[in-house]
Amino acid sequence: MTRLTAAPAKIAVVGYGSIGRTVVERLLLGAVPDARLVAIVDQDPITNPPVPQVDLDEAVAASDVIVECAGQSVVVDHGEAILEAGRDLLISSAGALTDPDFAQRLRKTGPGRVLCTTGAIGGLDLLAAASDAAAFDTVTVRTTKKPAALVQPWMDAERAAEITGATLPMLVFEGDATQAARLFPRSLNVAAAVSFAVQDAHLVRVELVADPGADLTRHVISARGPMGRYEFQIENLPSADNPRTSGIVPFAVLRSLSTLLGRPGLIG
Ligand SMILES: NC(=O)c1ccc[n+]([C@@H]2O[C@H](COP(=O)([O-])OP(=O)(O)OC[C@H]3O[C@@H](n4cnc5c(N)ncnc54)[C@H](O)[C@@H]3O)[C@@H](O)[C@H]2O)c1
């Protein structure tokens, strides 16, 4: 949505968990000067919310920008309607974008605009530019986390115990980003964001490693193609209240919001 006046953009945050709380807190402190927080949406009741807790339809009616910090289902179930209502959508749950048909539909839907935060990693701008020039030959994302962060509800007790009991690094999953997003939805935002940047989820190989010694969450992104060879290693501290999320993510969301509002700073 293009704002024609200098009035601050009205922001609704969907999801008041480890990312959403920090985004809310910082917005209230004025972290994004052109943004005014007007509402919070969460499936659970919030005690003493700092701005009104409303449902998603009310949030869409009351805001210019919806900042999703909730989960893939919010993006998949409501993304197109939000954009059709003329609201911009900032996505944290990048895993929702590994379905190429859905991602393509979101790109084309409007008049609202969609932006996916860079989240826990960097280098996506370079990968996207190289991919615009020519398709990559190989792209790999190897993510290493504490074992407990990789246990999933669909695993049987034996598999879960094998992972949590690992004493050495253990390869838990190897496959493409589309499969990985289905099986490890909370851990695949990085691979999903890389897929979105290189415009091909099937090209991106994902390796997930459980490592009891991994105090930091490590992502090694390797890409080779006609424009060059790239390798990024990123190590993030897990968030204090949710070990599946890196503490940096809400700050990336706030930076993406600045970009969306046209105040990107010197490095966008
Ligand atoms: N892009 C990245 O690099 C990156 C990194 C970490 C997490 N994430 C994603 O961001 C999202 C939020 O992560 P988090 O760590 O804050 O999670 P969290 O579990 O701490 O918080 C999620 C909040 O959203 C609420 N919620 C969930 N589904 C909802 C729905 N349908 N409607 C309304 N509220 C709903 C929950 O009640 C909870 O309060 C997750 O999808 C996660 O996978 C992205």
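Me: Where does the second largest pocket lie with respect to domain 1 and domain 2?

Reply: Rolling a probe the size of a water molecule over the atoms shows where empty space is left. In this predicted model, residues from both domain 1 (9–119 + 248–260) and domain 2 (124–236) line the second largest pocket, so it lies between them. Its volume is about 540 Å³. The lining has 30 residues, and those closest to the pocket centre are Ile19, Ser92, Arg186, Asn189 and Thr245.

Me: Which helices and strands each supply at least two residues of that lining?

Reply: They are α1 (18–28), α8 (189–198) and β9 (217–225). The top contributor is α8, with three residues.

Me: How many residues of the lining are nonpolar, polar or charged?

Reply: Sorted by class, the second largest pocket is lined by 16 polar, ten nonpolar and four charged residues.

Me: Turning to the ligand, which residues around it come nearest?

Reply: There are 22 residues around the ligand, and the nearest are Ile19, Asp42, Ser93, Asn189 and Thr245.

Me: What lies 2.9 Å, 2.7 Å or 2.4 Å from an oxygen atom of the ligand?

Reply: For isoleucine 19 the partner is a polar backbone atom, 2.9 Å from a ligand oxygen. For asparagine 189 a polar side-chain atom is 2.7 Å from an oxygen of the ligand. Threonine 245 also places a polar side-chain atom by a ligand oxygen, at 2.4 Å.

Me: How much of the ligand does the protein bury?

Reply: The ligand taken alone exposes 860 Å², and 84% of that is buried by the protein.

Technical notes: Residues are numbered from 1 along each chain as its sequence is written. This is a predicted model: local features need pLDDT of at least 70, side-chain atom pairs count only at pLDDT 80 or more; totals for chains, interfaces and linings use all residues. Side-chain values use heavy atoms; hydrogens and water are left out. On a 1 Å grid over the protein atoms alone, a cavity is a set of points where a 1.4 Å probe fits but cannot get out, and a pocket is an open set with protein on both sides within 12 Å along at least five of seven lines; lining residues have an atom within 4 Å of a point. Grid points are joined across faces, edges and corners, and a volume is the space filled by probe spheres set on the points. Helices (H or I, at least four residues) and strands (E, at least two) are DSSP runs, numbered from the N terminus. Ala, Val, Leu, Ile, Met, Phe, Trp, Tyr, Cys and Pro count as nonpolar, Asp, Glu, Lys and Arg as charged, and the others, Gly among them, as polar. Domain bounds come from an automatic or database domain assignment. A residue is near a molecule or strand if one of its heavy atoms lies within 4 Å of it. A polar contact is a pair of N or O atoms within 3.5 Å; within protein, one must be able to donate a hydrogen and the other to accept it, and residues adjacent in sequence count only if both atoms are side-chain atoms. Accessible areas come from the Shrake-Rupley method with a 1.4 Å probe; for residues, only the protein chains shown count as cover.
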